[in-house]
Amino acid sequence: MAIDYEKLVTLAIPDVRQTYTARDTMLYALGVGLGHDPTSREHLRFVYEKALAALPTMAVVLASPGSWMRDLDTGIDYVKVVHGEQGLVLHRPLPVEGTVVTRSRVVEVIDKGAGKGAVVVSARELIDVVTGERIASITQSNFCRGDGGFGGPARPTPAPHKMPERSPDVICELRTNPNAALMYRLSGDYNPLHSDPDVAAKAGFPQPILHGLATYGVTGHAILKSVCDYDPTRLRAISARFTAPVFPGETFAVSIWRDGSVVSFETRSVERGVVAIGNGRAEIA
């Protein structure tokens, strides 16, 4: 089955509703490395119920539409899909608990040509059920490696954020725990690629890899630490491109460039020298 452009861009993706608690908020923070220093007052703000605050990047896991590309009639070869880019815009601070709903849609499908794959861009709004207020706008690009050449409209892939040519203003190093993927998966992504050594081996990896959105969360932590003084209300937007897998236990070096309210960033594995997240852009209040 091939992609039908008109059918995919008008696809009805079911709304998803979720009630989350302060415990979920603390668990997410632990999964992306907060609490690594249990005596840090800055870390405790996100993992201890006293004056608890939510990490902004937790918005991307709330009321997730899950594997809609696989579960709905999309024509996409789901086995060959990889997460390409992730974007988040915060319209208000994320509550530490509540009931939310997401409304998702396909924004664009870009045909890169036969044998070259396709890019599917989706978006969802995260809404507070009680107040009706919009909390966040979330975008995601997936590279569908097996679906190029379906005859979609010809258009270029949007250019990535251009990185500064000077040396970074700061480099923040954060070490992940060896059990980081096992902790992070409890926030909702139970893909066995991140927990089962046998599944990882079949995919060509020596061990389970860390979730891309976990790396995204660790990177968000580095930005909060380096340019926001750990104030989550100052991080207004964050977007990035995933470029290489990383493993739990590795140390991430997040290079940060500050240009007024705009922050550019790149996340690299210290141990292997690979760039895990590139062309990153954040907006700071």
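User: In this predicted model, is Tyr 230 buried or exposed?
Analyst: Tyr 230 sits in the loop between helix 7 and strand 7. Its relative accessibility comes out at 10%, and the cut-off for buried is under 20%. So Tyr 230 counts as buried.

User: And Asp 229, buried or exposed?
Analyst: Asp 229 is in the loop between helix 7 (212-227) and strand 7 (235-242). To count as exposed, a residue needs over 50% relative accessible area. Asp 229 has 65%, so the label is exposed.

User: What is the phi of Tyr 230 near?
Analyst: Most residues other than glycine have a negative phi. Tyr 230 goes the other way, with a positive value in a residue that isn't glycine. Its phi is near 60°.

User: What about the phi of Asp 229?
Analyst: Asp 229 isn't a glycine either, yet its phi is positive. The value is about 55°.

User: Which helix gives the largest share of the largest nonpolar core?
Analyst: That core has 54 residues, and Tyr 216 and Ile 223 are among those with the most contacts inside it. Eight of the core's residues come from one helix, the largest share. That's helix 7.

User: Which residues from 238 to 242 does Tyr 216 touch?
Analyst: Leave aside the neighbours within four places in sequence, and the contacts of Tyr 216 include Thr 57, Val 60 and Leu 88. Strand 7 spans 235-242, and from there Tyr 216 picks up Ile 238, Ser 239, Ala 240 and Phe 242.

User: How many residues are in the second, separate core?
Analyst: Ile 13, Val 81, Ala 118 and Phe 150 are included in that one. The count for this second core is 15 residues.

Methods: Residues are numbered from 1 along each chain as its sequence is written. This is a predicted model: local features need pLDDT of at least 70, side-chain atom pairs count only at pLDDT 80 or more; totals for chains, interfaces and linings use all residues. Side-chain values use heavy atoms; hydrogens and water are left out. Helices (H or I, at least four residues) and strands (E, at least two) are DSSP runs, numbered from the N terminus. Buried means under 20% relative accessible area, exposed over 50%, partly exposed in between (1.4 Å probe, protein chains only). A nonpolar core is a set of buried Ala, Val, Leu, Ile, Met, Phe, Trp, Tyr and Cys residues joined through side-chain atoms within 4.5 Å. Contact means heavy atoms within 4.5 Å.
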